[in-house]
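Grab a pencil and have a go at these exercises. Try each task yourself before you read its worked solution.

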Amino acid sequence: MSSAIKQLKASARAQGGKGAARAVRRANRIPAVIYGGGEAPQPISLDQKEAQLLIFAGHFLTTLFEIEIDGKKQRAIPRDYQLDPVKDTPLHIDFLRLKEGQKIRVEVPVHVINQDASPGVKRGGAINIVEHSVSLMVPAEAIPSSIDVDLKGIEINHSIHIGNIALPEGCIPVDKSNFTVVTVVAPSGGKDEPA
């Protein structure tokens with residue numbers, strides 16, 4: 001599971017629009033907005049260095065934050081962010097407000113484990129990751145950091161489908177079909193080694 005809820009300090013912004021956003025950026029802050037949860041969107045600003053570190057540290061879009069805005073705390077998850085195409089610095093961040101017990105849709109990365117325990121890989125087979133991430137409906141309090149696909153005992157020309165993977169409790173794939181996540185394919189020469 002993902003780590004605990006991260007704390008983030010923000011300041012409320014009185015105005016929206018391009019001019020106000022430029023003024024916020026000149027003050028070394030990033031304009032952002034918190035929306036959803038049956039409440040009006042709330043414009044905020046974040047420290048530029050802190051926001052940049054969080055984005056580039058990885059798992060930003062699957063991390064739950066408790067954002068403190070002028071003494072009041074709100075739980076939210078980042079939904080999108082824009083980067084400057086030249087400087088690669090954050091320009092804007094969108095957060096989705098979360099209520100207690102709410103389920104949300106997230107893209108969770110796929111990690112392959114136990115490659116050394118796969119007879120197919122030992123015989124020269126190649127691991128083909130069909131889905132690098134899986135879209136799941138998950139409880140906001142229990143967002144998994146990854147889905148582990150175990151290759152132990154998998155032979156060449158065998159596949160692992162989403163139905164074969166033990167997902168964390170409360171996590172449901174958005175796609176209801178039993179889609180393929182990982183396969184072990186024959187060596188690039190095309191011929192399987194005799195048994």
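How much area does the chain expose, and what part of it do carbon and sulfur atoms supply? The chain exposes about 10,800 Å², and carbon and sulfur atoms supply 52% of that area. Keep in mind as you go that you are working with a predicted model.

**Exercise 1. Work out whether the chain is a compact globule or more spread out.**

Step 1: Take stock of the pieces. The chain holds three helices and 13 strands.

Step 2: Compare two radii. For 195 residues the globule rule gives 16 Å, but the radius of gyration is 21 Å, well over that value, so the chain is more spread out than a compact globule.

Step 3: Look at the box. Taken along the principal axes, the C-alpha atoms fill roughly 70 × 40 × 25 Å.

Step 4: Check the burial. Of the 195 residues, 37% count as buried, where buried means under 20% relative accessible area.

Step 5: Check how the contacts span the sequence. Take the contacts between residues at least 6 apart: 66% of them join residues at least 24 apart.

**Exercise 2. Trace the barrel and find the helices that pack on its strands.**

Step 1: Write down the strand order. Six strands close into a barrel as E1-E3-E2-E6-E5-E4, and their pairing is mixed. On average, neighbouring strands here are turned by 45° against each other, direction ignored.

Step 2: Follow E1 to its two partners. With strand E3 (residues 39–47), strand E1 (residues 6–12) runs antiparallel, joined by two bridges. In that pair, Ser11 stands opposite Ser45. With E4, E1 pairs in the parallel sense over five bridges, and Gln7 has Glu66 of E4 as its bridge partner.

Step 3: Add the helices. Helix H1 (residues 18–26) lies across E2, E3 and E6, and runs at about 130° to E2. Helix H2 (residues 48–56) packs on the sheet too, touching E1, E2, E3, E4, E5 and E6. The direction of H2 makes about 100° with that of E3.

**Exercise 3. Describe the surroundings of Gln74.**

Step 1: Place the residue. Gln74 lies in strand E5, which belongs to the barrel.

Step 2: Is Gln74 buried or exposed? The relative accessible area of Gln74 is 8%. The cut-off for buried is under 20%, so Gln74 is buried.

Step 3: List the contacts. Leave aside the neighbours within four places in sequence, and Gln74 touches Ile34, Gln42, Phe65, Glu66, Ile67, Ile69 and Arg97.

Step 4: Pick out polar contacts between side chains. The side chain of Gln74 makes one with that of Gln42 at 2.7 Å. Another polar contact, also of 2.7 Å, links the side chains of Gln74 and Arg97.

**Exercise 4. Find which strands stand at the edges of the open sheet.**

Step 1: Get the order. The open sheet has four strands, E10-E7-E9-E12, with mixed pairing.

Step 2: Count the partners at each end. E10 (147–150) and E12 (172–173) each have a single partner strand, so one side of each is left without a neighbour in the sheet.

Step 3: Zoom in on one edge. Four bridges join E10 to strand E7 (residues 103–113), and the two run parallel. Here Val112 has Val149 in E10 as its bridge partner.

Step 4: Sort the faces of E10. Ile147 and Val149 make up the covered face, while Asp148 and Asp150 are on the uncovered one.

**Exercise 5. Say where Asn28 and His59 lie, and what their phi values look like.**

Step 1: Locate them. Asn28 is in the loop between H1 and E2, and His59 is in the loop between H2 and E4.

Step 2: Read the phi values. Asn28 has a phi near 60°, which is positive in a residue other than glycine. His59, which isn't a glycine either, has a positive phi of about 60°.

Step 3: Judge their exposure. Exposed means over 50%, so Asn28, with a relative accessible area of 51%, is exposed. His59, with a relative accessible area of 42%, is partly exposed.

Note on methods
Residues numbered from 1 in each chain as written. Predicted model: local features only at pLDDT ≥ 70, side-chain atom pairs only at ≥ 80, totals over all residues. Heavy atoms only, no water. Pairing = 2+ DSSP bridges. Axes fitted to C-alpha atoms, helices over the stretch in contact; angles between N-to-C directions. Contact = heavy atoms within 4.5 Å. Rg over C-alpha atoms; globule rule 2.2 N^0.38 Å. Buried < 20%, exposed > 50% of the residue type's maximum accessible area, 1.4 Å probe, protein only. Areas by Shrake-Rupley, 256 points an atom, 1.4 Å probe, with all protein chains shown as cover. Polar contact = N/O pair within 3.5 Å; in protein donor to acceptor, adjacent residues only side chain to side chain.
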